[in-house]
Amino acid sequence: MPSQVIELWSSFVSIADAPLFRLGRETISLRWLFQVVLLLILVAILARFFKGVLKNQLLPRLGLDLGNREAISTVMSGAGGALGYIIVLQAVGINLDSLAVIIGGLGVGIGFGLQDVTRNLISGLTLLIERKVRVGDFVEIENISGYVQEVSMRATVIQTFNGSNVVVPNTYLADSPVLNWYYETHRGRIDIAIGVAYGTDPVLVTEVLLNIAHSEPDVLREPAPRVIFREFGDSALKFELWVWTDAIERRVFIKSSLNFKIDYYFRQHNISIPFPQRDIWIRNAPALSPLNEPAETVGMPLAPATPSLKSLLQQVSYFQCMNDLQLRFLIESGYRKHLAAKEILFRAQEAISNFYIVLQGQMAAVYEENGELKPMMTFNPGEHFGELPLMLGVACPTTMMAMTDTVLFVLPREGFEQLLKEHPSLADDIAVAIARRQDVLAQHQQELQQLSRQEADQSRPINWIRDRLQKLLSW
């Protein structure tokens, strides 16, 4: 058996070393081809590794921005890779001088066949040197908008807002108009067109729009917002609100927030936004009278409409004083969750990251005894839970279960902290409500003592809670 293996190996070696053809003074064999391909792959891997080290470790120490690091690392790794290929070809015995004539002859054919690739390479080199488009820039190209993730020799990668990556050939970037919002600054202007009914006071419209613009945190005070009276339209007086921002990549969200405020404050000032109207005259109206007769109702009666989240939140005492804009922020920050009767929301010792408010139904903190879940404390509509584990960063000590069909409003940690910052009085109300639950405080007494770094004082637990809420407000 060993002798057969040796003979097989000898046959394989003889085949691998058998000459295929000659290239100058070098005899080409399978072994030679394998070595050359392996060395070229190794050079490519080393060049890529060198680019990563240069971009992420060496160049950041010089204080260069991401765009400069990408350009320098790409050019240097490309030059190093080309030099490595030449060294490999020279090392394996290929005289590049003898191939110059052949390469020159093939260059014309290759140039015609790979002209698009060549154009992309030249365009990529131009982009890297001129740095008109850099990594991290926010750009728009026709219907593509997003952040530049990578500028390579052949193509540029743009990450869009929906999370997808678009590979754009460099020739397309070089030949097409590119809107680069980050070319010099991140500043840009947002235009919002508004039409108001004829008879509306233009001065009042201007005042309301400017007040709205100044109330938006992302809108700059300099340049100041402007209101432009565009024209007298067919059915409306047409205005435009111009605002500037240093976060132009968030223009969709800024514009949405401004639109919400415009709708709210226009209603507060009885400013109506008209819509085009047309009068239709119908001949032979009596002949169409059967069409106007109501049809008979067939089938099951309609189910009652589900109460809106806005109406449910307005029934909670904490939120009754909020206006529509504040309720909109609250609704955007959280979500409604339905639980069936006896459904478990989370079990004891599970980490939670939400603040819960009961809107409908009833929740209960339960414990298990003889395989049965028995309620310890119940939470009715308008009451909340989960705030102490959320503030202390610990697991909930009890299992929470719906006693009936229940609707909860779930507010994640970030929204909960933002709510407390914008409504400090709400934080005090929550602290008072928590202090009344002695059993809940007892379950978290150890964490409260560690948090407050003071001796246990059962008579003043509200101080610990208020201190923690104040820390949340100061973050």
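**View 1. Tyr356 of β13 has Phe385 as its bridge partner in β16.** This is a predicted model: local features need pLDDT of at least 70 and side-chain atom pairs count only at pLDDT 80 or more, while totals for chains, interfaces and linings use all residues. Residues are numbered from 1 along each chain as its sequence is written, and side-chain values use heavy atoms, with hydrogens and water left out. Strands (E, at least two residues) and helices (H or I, at least four residues) are DSSP runs, numbered from the N terminus. β13 and β16 pair in the antiparallel sense over two bridges; two strands count as paired if DSSP finds at least two bridges between them.

**View 2. The open sheet has four strands in the order β11-β18-β13-β16.** Its pairing is antiparallel. β11 (335–339) and β16 (384–385) are the edge strands, each pairing on one side only. Strand β13 (residues 354–360) pairs with strand β18 (residues 406–412) in the antiparallel sense over six bridges. Two residues of this pairing can be picked out: Ile357 has Phe409 in β18 as its bridge partner, and Asn354 has Pro412 in β18. β13 is mostly covered, with six of its seven residues buried. Buried means under 20% relative accessible area, exposed means over 50%, and partly exposed lies in between (1.4 Å probe, protein chains only).

**View 3. Strands β9 and β10 are joined by a hairpin through four residues.** The two strands pair in the antiparallel sense over six bridges. Ile228 stands opposite Glu240 in β10.

**View 4. Phe229 and Phe239 form one of the 13 aromatic pairs in the structure.** Rings of Phe, Tyr and Trp (its six-membered ring) pair if their centres lie within 6.5 Å; planes under 30 degrees apart count as stacked, over 60 as edge-to-face and the rest as tilted. The pair of Phe229 and Phe239 is stacked, at 4.5 Å centre to centre and with 20 degrees between the planes. The pair links distant parts of the chain, 10 residues apart: Phe229 belongs to strand β9 (residues 226–232) and Phe239 to strand β10 (residues 237–245). Phe229 is partly exposed, with a relative accessible area of 36%, whereas Phe239 counts as buried at 3% relative accessibility.

**View 5. The rings of Phe379 and Phe385 form a tilted pair.** Their centres are 5.3 Å apart and their planes stand at 50 degrees, so the pair counts as tilted. Phe379 is buried, with a relative accessible area of 4%. Phe385 also counts as buried, at 3% relative accessibility.

**View 6. Phe138, Tyr147, Phe161 and Tyr182 form one aromatic cluster.** A second item in this view is a charge over a ring: Arg189 lies over the face of Trp242, at 3.7 Å from the ring centre. A charge sits over a ring if NZ of Lys or CZ of Arg is within 6 Å of the ring centre and within 35 degrees of the ring normal.

**View 7. Leu204 is found in helix α7 (residues 202–215).** Leu204 is partly exposed, with a relative accessible area of 26%. Apart from its neighbours within four places in sequence, Leu204 is in contact with His269 and Ile271, where contact means heavy atoms within 4.5 Å. Leu204 and Phe266 are 62 residues apart in sequence and 10.0 Å apart in space, C-alpha to C-alpha.

**View 8. Glu216 lies in the loop between α7 and β9.** At 6% relative accessibility, Glu216 counts as buried. Its neighbours within four places in sequence left aside, Glu216 is in contact with Arg221, Ile254, Ser257, Leu258 and Lys261.

**View 9. Helix α2 (residues 30–58) agrees with the span expected for its 29 residues.** The expected span of a helix is 1.5 Å times one less than its number of residues. For α2 this gives 42 Å, and the end C-alpha atoms are 40 Å apart. Buried residues in α2 are Trp32, Val36, Val43, Ala47, Lys51, Leu54 and Lys55.

**View 10. The secondary structure of the whole protein comes to 17 helices and 18 strands.** Of its 475 residues, 36% count as buried. Among contacts between residues at least 6 apart in sequence, 66% join residues at least 24 apart. The protein exposes about 29100 Å², of which carbon and sulfur atoms supply 57%. Accessible areas come from the Shrake-Rupley method with a 1.4 Å probe; for residues, only the protein chains shown count as cover.
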